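Visitor: I am new to reading structures. Could you walk me through this one?

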Amino acid sequence: MAPTVALLSPGSMGAVVGGVLRRHGAEVITCLEGRSPATAARAREAGIEAVADDAALVERADQLLSILVPSEAVSTARRVAAALEATGADLVYVDCNAVAPATGREVAEVIAAAGGLPVDAGIIGGPPKRPGITRFYASGEHAGRFAVLGDHGLDVRVLGPEIGQASAFKMCYAAQTKGRYAIYLESLVTAAKLGLYDALVEELQLSQEAVLGDTRRSLPGIPSKAGRWVGEMEEIAATFGSMGLTPEMFDGAADVYRYVDEASGGEGDPEEQGEEQLRALVEQLARALP
């Protein structure tokens, strides 16, 4: 029997995930109460059915995937927990948000107290617009229940039995990707402000060709994501701080993405790439400096 999967929320990632599940035989539903018109439009385009409220969502769904900005992870879990308590539904709740392990454990405690079955998960890669680019790492006692969605188009990899393992894995990975993009941005914008951008790019071409290629591929599309990445950097800072390491590098990365979001208005094409697009972004950010 095909599973019914609830999605909160069908944003730029969630809508694509929902579309993949639908194409592989799952029924996908969501509740759009309080969501934006853009989110509602994405849900319709992906063929995701909207239900009236959270009670209907948890009563029909076998699993719920929470794919939101980090700041909404706990509040959404509490909202779903209230619906679980009201209905007595049996639900696997998969927290796919980029949060620190401590936040993931808080989510799991809220869901378990309401009778749900919590799973900790971290998404590596962008929206799964083609096979092989997106992986869901999962942990927790009930991670095997989530892993059945591997038969419905998702690449699910179970890390272990403990809530927090998957979140920690996501934090360590994102520190090495989005963390370095913040460093690239600060370096290039500073060079541009000092009239040294062309000289820096020329030297990178000579001595750090792979780094330059990475900047051209990864940085131009960041304005559309920067607002979401602020919270993720803060969660990474909290993760590393809990280990006795300095959180300051990633608090700084959060500041970089906050600045990019404000200076760009959060607008841009997430798929944009190339030297021309990189230069335009760097010049825009340099002009916005005091």
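Guide: Let us begin with one acidic residue. This is a predicted model. In it, Asp214 has a relative accessibility of 8%. Under 20% counts as buried, so Asp214 is buried.

Visitor: Which residue meets Asp214 in a salt bridge?

Guide: The two side chains come to 4.0 Å, N to O. The partner of Asp214 is Arg217.

Visitor: About how many helical turns separate Arg217 and Asp214?

Guide: Both residues lie in helix α9, which covers residues 209–218. They are 3 residues apart there, so the separation is about one helical turn.

Visitor: What is the exposure class of Arg217?

Guide: Its relative accessible area is 48%. Values between 20% and 50% fall in the middle class. Therefore Arg217 is partly exposed.

Visitor: Which residue forms a salt bridge with Arg216?

Guide: The closest N and O atoms of this pair are 2.7 Å apart. Arg216 is partly exposed, at 23% relative accessibility. The partner is also partly exposed, at 21%. That partner is Glu275.

Visitor: How many residues apart in sequence are the parts that Arg216 and Glu275 tie together?

Guide: Arg216 lies in helix α9. Glu275 lies in helix α12, residues 275–287. So the pair ties together parts whose separation in sequence is 59 residues.

Visitor: Lys178 and Glu232 also form a salt bridge. Are Lys178 and Glu232 buried or exposed?

Guide: Their closest N and O atoms are 2.9 Å apart. Lys178 lies in helix α7 and Glu232 in helix α10, so the pair ties together parts 54 residues apart in sequence. Lys178 has 12% relative accessibility and counts as buried. Glu232, at 5%, likewise counts as buried.

Visitor: Which residues are linked with Glu27 in a network of salt bridges?

Guide: The network includes a Glu and an Arg besides Glu27. They are Glu49 and Arg60.

Visitor: How many salt bridges does the structure hold?

Guide: We have met some of them, including Lys178 with Glu232 and Arg216 with Glu275. The structure holds 15.

Visitor: How are helices α4 and α5 oriented to each other?

Guide: Helix α4 spans residues 73–87, and helix α5 spans residues 101–113. Their axes lie 8 Å apart, at an angle of about 10°. Angles under 35 degrees count as roughly parallel. So α4 and α5 are roughly parallel.

Visitor: How many nonpolar residues does the contact of α4 with α5 have?

Guide: The contact includes Ala77 and Leu84 of α4, and Val107 and Ile111 of α5. By class there are 1 polar and 3 charged residues, and the nonpolar ones number 9.

Key:
Residues are numbered from 1 along each chain as its sequence is written. This is a predicted model: local features need pLDDT of at least 70, side-chain atom pairs count only at pLDDT 80 or more; totals for chains, interfaces and linings use all residues. Side-chain values use heavy atoms; hydrogens and water are left out. Axes are lines fitted to C-alpha atoms, for helices over the stretch in contact, and angles run from 0 to 180 degrees between N-to-C directions. Helices (H or I, at least four residues) and strands (E, at least two) are DSSP runs, numbered from the N terminus. Angles under 35 degrees count as roughly parallel, over 145 as roughly antiparallel, 65 to 115 as roughly perpendicular and the rest as oblique. Contact means heavy atoms within 4.5 Å. Ala, Val, Leu, Ile, Met, Phe, Trp, Tyr, Cys and Pro count as nonpolar, Asp, Glu, Lys and Arg as charged, and the others, Gly among them, as polar. Buried means under 20% relative accessible area, exposed over 50%, partly exposed in between (1.4 Å probe, protein chains only).
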